[in-house]
Amino acid sequence: MSTLESLIDRYARGPSVLAYAVEGLAEAHAQARPGPGVWSISELAAHLADSDMVASDRMKRVIAEDDPILLPYDETAWINRLAAHEAPIADSVAIFAANRRWTERILRNCSEADFARAGRHAEQGRITLAELLVVYVNHLDHHLRYLYTKRANLGTSLQPRYSYPTA
């Protein structure tokens with residue numbers, strides 16, 4: 001299996017890992033803001049859904065357009081101004097899952113040359129499709145670490161699972 005195939009497989013595992021991570025949370029626990037970080041688990045799930053849609057847009061632009069500009073966004077403003085505290089976790093997970101399935105299909109149809117295509121992020125500079133994929137696979141796992149710690153701080157811990165194989 002190639003490195004790219006392995007990355008796409010990790011990307012595709014994301015929805016099941018996120019669904020597992022939020023499984024069985026009571027609304028009070030989803031809305032609570034235990035450390036680490038300032039977001040609730042509900043807000044964190046909304047951020048993952050929003051961020052993943054931005055990621056997909058960026059990856060599709062890199063695949064379809066020549067040297068596209070990839071705009072940054074203020075994730076904290078999105079949480080605060082887009083009422084993320086009201087977003088049901090089930091909806092965030094469903095959006096995340098549907099978006100990942102849609103984008104996985106696109107990624108699996110890309111050639112190796114497509115993964116070398118690049119766009120220009122307005123703040124970070126040149127970034128290839130392969131690099132974007134790595135960023136967003138790792139982005140989920142990064143936030144899952146916070147989510148599992150928040151669950152433990154709420155007394156609702158479960159054995160952590162990530163997109164990478166742990167066995």
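Here is a walk through this structure, from its overall fold down to a few charged pairs. Keep in mind that the model is a predicted one.

Let's start with the big picture. The protein has six helices and three strands. If you trace the chain from the N terminus, the elements come in the order α-α-α-β-α-α-β-β-α. The radius of gyration is 16 Å, close to the 15 Å that the globule rule gives for 167 residues, so the protein is as compact as a globular protein of that length. Put a box around the C-alpha atoms along the principal axes, and it comes to roughly 45 × 40 × 25 Å.

What about the inside and the outside? Of the 167 residues, 43% are buried. The accessible surface adds up to about 8,600 Å², and carbon and sulfur atoms account for 52% of that area. The chain also brings together residues from far along the sequence: take the contacts with a separation of 6 or more, and 75% of them are between residues 24 or more positions apart.

Now for the charges. The protein carries 18 positive and 21 negative ones, and the mean positions of the two groups are 2 Å apart. Some of these charges pair up, giving nine salt bridges in the protein. A few of them are worth a visit.

First stop: D141 and R10, whose closest N and O atoms are 2.9 Å apart in a salt bridge. D141 sits in helix α6 (residues 129-154) and R10 in helix α1 (residues 3-22), so this pair ties together parts that are 131 residues apart in sequence. Are these two partners buried or exposed? D141 is buried, with a relative accessible area of 2%. R10 counts as buried too, at 15% relative accessibility, because the cut-off for buried is under 20%.

Next up is the salt bridge between the side chains of D52 and R100, at 2.8 Å from N to O. Here D52 belongs to helix α3 (residues 41-64) and R100 to helix α5 (residues 89-108), so the pair ties together parts that are 48 residues apart in sequence. D52 is buried at 2% relative accessibility, and R100 is buried at 2% as well.

Let's stay with R100 for a moment and look around it. Which residues does R100 touch, leaving out those up to four places away in sequence? They are R10, Y11, G14, P15, D52, Y136 and L140. You'll recognise two of those names: D52 is the salt-bridge partner of R100, and R10 is the residue that pairs with D141.

A third salt bridge joins D66 and R117, with the closest N and O atoms 3.1 Å apart. This one links loops in distant parts of the chain: D66 is in the loop between α3 and β1 (69-70), while R117 is in the loop between α5 and β2 (118-121), 51 residues away. How much of each partner is accessible? D66 counts as exposed, at 68% relative accessibility, whereas R117 is partly exposed, at 24%.

Finally, there is a group of three to find: D9, E104 and R108 are joined into one network by salt bridges that share partners.

Key:
Residues are numbered from 1 along each chain as its sequence is written. This is a predicted model: local features need pLDDT of at least 70, side-chain atom pairs count only at pLDDT 80 or more; totals for chains, interfaces and linings use all residues. Side-chain values use heavy atoms; hydrogens and water are left out. Helices (H or I, at least four residues) and strands (E, at least two) are DSSP runs, numbered from the N terminus. The radius of gyration is taken over C-alpha atoms; the globule rule is 2.2 Å times the number of residues to the power 0.38. Buried means under 20% relative accessible area, exposed over 50%, partly exposed in between (1.4 Å probe, protein chains only). Contact means heavy atoms within 4.5 Å. Accessible areas come from the Shrake-Rupley method with a 1.4 Å probe; for residues, only the protein chains shown count as cover. Lys and Arg count as positive and Asp and Glu as negative; His and the chain ends are not counted. The place of a charge is taken as NZ of Lys, CZ of Arg, CG of Asp or CD of Glu. A salt bridge is a side-chain nitrogen of Lys or Arg within 4 Å of a carboxyl oxygen of Asp or Glu.
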